[in-house]
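I have opened my notebook and want to see how this protein is put together. Come along while I look things up one by one.

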Amino acid sequence: MLGELHFSTIAFYADIGKLDAVVIPVGVMAEIYLPQRLYALGLIARTELSNEELRFASELAKPLITRPFKYLAEQFEKAWETLALGAALKHLAATHAHSALHFSVPERLPFYLTAGESVLRAHIRMQIGTLLDDQMSQLLEHGQSSPVVEPQPRTKPQEELLQLTAA
Amino acid sequence: MTPAEASSLLSIREFLQLCRAVDARYGRMKKVTSKLPTQFEVLEVRQQGHAYKEALVETTTPDGVRHRNAFTWSNLRVMPKRLPPTSGLGIPAEAIIDCS
């Protein structure tokens, strides 16, 4: 059975107008869509940022990122309740394109499912949970001992917006 | 529970995650003091219900200082919708998964 699996990484850009600005990893969101059968949406995010990280945030951005999970969980619930199945990541990436809290363009991964109907949901939960864990670990590993990461050339919000629009 | 027994209660994946978490927490010390690795030993593994696993770990940094910390996991396979906070990644994080 073939379905669609996408994920976006979520990061705080201290200044989205500068290419060399500080980027702080915050979380990962993923969705799996099997048309007419199943839809799953998952989020993992940091519950708080350190004081060292918060000093990079403007007063305007602080309420948004002081408790990142709280804000993102609200976005998650809203997307779950109101958006079409399979549309959450694209929508959130687009609506946060000019936000300090940036969603990367949803990346598609190969996804094959062999589980039977009786264990389908458990299997999907496990897959999306594993993906969130792995991607979050990778995201944080870029920061090593400090979660504040050096600017990544591939994660320029403006470029990603263009990619998203083109897609 | 001996360290060997405790380690045997972790899957390979959980053990690798623990390595990452210890490194994330003590990596800075490893870099500035010497090239000797930070060592750690799993003292105890506790399972709380079906959805929560915790490992008590003693870490020895290259300068000989010992630290004891509890690292936690959420078993996403059997979890309820919202997971308890985890420090398994080295920093506090929470997760939600919805499935319909």
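**Entry 1: confidence.** Before anything else, I note that pLDDT is the predictor's confidence in each residue, from 0 to 100. I need that because this is a predicted model. For chain A, I found a mean pLDDT of 78, with 77% of the residues at 70 or more. Which elements of chain A have the lowest and the highest mean pLDDT? Helix 6 (residues 157-166) of chain A is lowest, at 38, and helix 4 (residues 88-95) of chain A is highest, at 94. I also marked residues 144-167 of chain A, where pLDDT stays under 50. The model has 38 contacts beyond four places in sequence for that stretch.

**Entry 2: the layout of chain A.** I counted six helices and five strands in chain A. Reading along the sequence, I wrote down the pattern β-β-β-α-α-α-α-β-β-α-α. Of the 167 residues in chain A, 37% are buried. I then looked at the contacts in chain A with a separation of 6 or more, and 67% of them join residues 24 or more positions apart.

**Entry 3: the strands.** I began with strand 1 of chain A, which runs antiparallel to strand 2 of chain A and is joined to it by 10 bridges. Here A11(A) stands opposite P25(A) of strand 2 of chain A. On to the next pair: strand 2 and strand 3 of chain A are also antiparallel, with eight bridges. One of the facing pairs I looked up is G27(A) with its bridge partner A45(A) in strand 3 of chain A, and Y33(A) stands opposite Y39(A) of strand 3 of chain A.

How many residues lie between strand 2 and strand 3 of chain A in their hairpin? There are three, and Q36(A) in the turn has a positive phi of about 65°.

I checked how covered these strands are. In strand 2 of chain A, 11 of the 12 residues are buried, and in strand 3 of chain A, eight of the nine are.

**Entry 4: crossing to chain B.** I followed strand 3 of chain A outward and found seven bridges to strand 4 of chain B, running antiparallel. In this pairing, L41(A) stands opposite D98(B). Strand 4 of chain B also holds C99(B). Is C99(B) buried or partly exposed? C99(B) is partly exposed, because I find 16 other C-beta atoms within 10 Å, and a residue needs 20 or more to be buried. Leaving out residues up to four places away in sequence, C99(B) touches L38(A), A40(A), R121(A), I124(A) and R125(A).

**Entry 5: helix 3 of chain A.** I tested the length of this helix. At 1.5 Å a residue, its 15 residues should span 21 Å, and the end C-alpha atoms are 21 Å apart, so the two agree. Its buried residues are P68(A), F69(A), L72(A), Q75(A), F76(A) and A79(A). Why do they line one face of the helix? Looking down the axis of helix 3 of chain A, I see that its buried residues fall within an arc of 125°, so they line one face. A reminder to myself: an α-helix has 3.6 residues a turn, so residues three or four places apart point the same way. On the other side of helix 3 of chain A, E74(A), E81(A) and T82(A) are exposed. What do the buried residues of helix 3 of chain A pack against? My list has strand 1, strand 2, strand 3, helix 2 (62-65) and helix 4 of chain A, together with strand 4 of chain B.

**Entry 6: helix 5 of chain A.** I repeated the length test. The 22 residues of helix 5 (residues 120-141) of chain A should span 32 Å at 1.5 Å a residue, and the ends are 31 Å apart, which agrees. Its buried residues include I124(A), I128(A), L131(A), L132(A) and M136(A).

**Entry 7: the core.** I went looking for the largest nonpolar core and found 45 residues, with I10(A) and V28(A) having the most contacts inside it. Strand 2 of chain A gives the most to this core, eight residues. Among the other elements that give two or more are helix 3 and helix 5 of chain A, as well as strand 4 (93-99) of chain B. Apart from this core lies another, of seven residues, among them L18(B), F40(B), V42(B) and V45(B).

Last, I looked up I10(A). Beyond its neighbours within four places in sequence, I10(A) is in contact with V26(A), G27(A), V28(A), M29(A), A45(A), L72(A), L101(A) and F103(A).

Terms used: Residues numbered from 1 in each chain as written. Chains lettered and ligands numbered in written order. Predicted model: local features only at pLDDT ≥ 70, side-chain atom pairs only at ≥ 80, totals over all residues. Helix = DSSP H or I, 4+ residues; strand = E, 2+ residues; numbered from the N terminus. Contact = placed C-beta atoms within 7 Å. Expected span 1.5 Å × (residues − 1). Core = buried A, V, L, I, M, F, W, Y, C linked by C-beta atoms within 7 Å. Arc of directions from axis to C-beta. Pairing = 2+ DSSP bridges.
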